[in-house]
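Thanks for asking for a short tour of this one. Have a look at the sequence and the structure first, and then read on at your own pace.

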Amino acid sequence: ESEPGPGRALSMGQIADLYEYFQDFIVDRDMHYVANNLIKPLTRDCKKSYAELIGPKTVEWFVSHYWGQEFREFTSSLRKHAEHEGQGRA
């Protein structure tokens, strides 16, 4: 178990992988759908955060989100930011 903070986060690549793997289910759904139908079932038995489950990363940027935003749009925005900062799928 990792300590809360910048060392227990998801990288852009991990978020993109989540979207790409489940995109046929996510389609144009929002963050509520992703959390309730994907993240919570995946983490329920191990009682860990999604970051801890897949391997937490240390990040430079904290990103907040609007729960009603389409997950596809959120992922696209993160990709654009990562490309602008020269970080790609880091």
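The numbered points below go from the chain as a whole to single residues.

1. A word before we start: what you see is a predicted model. Please keep that in mind when you read the values below.

2. Let us begin with the secondary structure. The protein chain has four helices and zero strands. Read from the N terminus on, the order of its elements is α-α-α-α.

3. Next, the overall dimensions. Measuring tape in mind, picture a C-alpha trace that spans about 35 × 30 × 20 Å along its principal axes. The radius of gyration of the protein chain is 13 Å, which agrees with the value near 12 Å for a compact globule with 90 residues.

4. How much of the chain is buried? Of its 90 residues, 31% count as buried. The accessible surface of the protein chain comes to about 6200 Å², and carbon and sulfur atoms hold 51% of that surface.

5. The contacts are worth a look too. Take the contacts in the protein chain with a separation of 6 or more: 74% of them join residues 24 or more positions apart.

6. Now the charges. The protein chain carries 11 positive and 14 negative charges, and the mean positions of these two groups are 5 Å apart.

7. Two loop residues deserve a closer look for their backbone angles. V27 sits in the loop between helix 1 (12–26) and helix 2 (31–43), and its phi is near 45°, a positive value in a residue other than glycine. K47 is placed in the loop between helix 2 and helix 3 (50–54); the phi of K47 is near 55°, again a positive value in a residue other than glycine.

8. Are these two residues buried or exposed? V27 has a relative accessible area of 40%, so V27 counts as partly exposed. K47 reaches 74% relative accessibility and therefore counts as exposed; the cut-off for exposed is over 50%.

9. Moving along the chain, E52 belongs to helix 3. With a relative accessible area of 14%, E52 is buried, because buried means under 20%. What lies 2.9 Å from a polar atom of the side chain of E52? You will find the backbone nitrogen of S49 there.

10. M12 is part of helix 1. Its relative accessible area is 11%, so M12 is buried. If you want to relate M12 to another part of the chain, try H65: the two residues are 53 residues apart in sequence, and their C-alpha atoms are 14 Å apart in space.

11. Finally, find K57 in the loop between helix 3 and helix 4 (71–84). At 40% relative accessibility, K57 is partly exposed. Which residues does K57 touch, leaving aside its neighbours within four places in sequence? K57 is in contact with P6, G7, R8, A9, S11 and Q14. For another pair to look up, K57 and N37 are 20 residues apart in sequence, with 23 Å in space from C-alpha to C-alpha.

Notes. Residues numbered from 1 in each chain as written. Predicted model: local features only at pLDDT ≥ 70, side-chain atom pairs only at ≥ 80, totals over all residues. Heavy atoms only, no water. Buried < 20%, exposed > 50% of the residue type's maximum accessible area, 1.4 Å probe, protein only. Rg over C-alpha atoms; globule rule 2.2 N^0.38 Å. Contact = heavy atoms within 4.5 Å. Areas by Shrake-Rupley, 256 points an atom, 1.4 Å probe, with all protein chains shown as cover. Lys, Arg positive; Asp, Glu negative; His and termini not counted. Charge placed at Lys NZ, Arg CZ, Asp CG, Glu CD. Polar contact = N/O pair within 3.5 Å; in protein donor to acceptor, adjacent residues only side chain to side chain.
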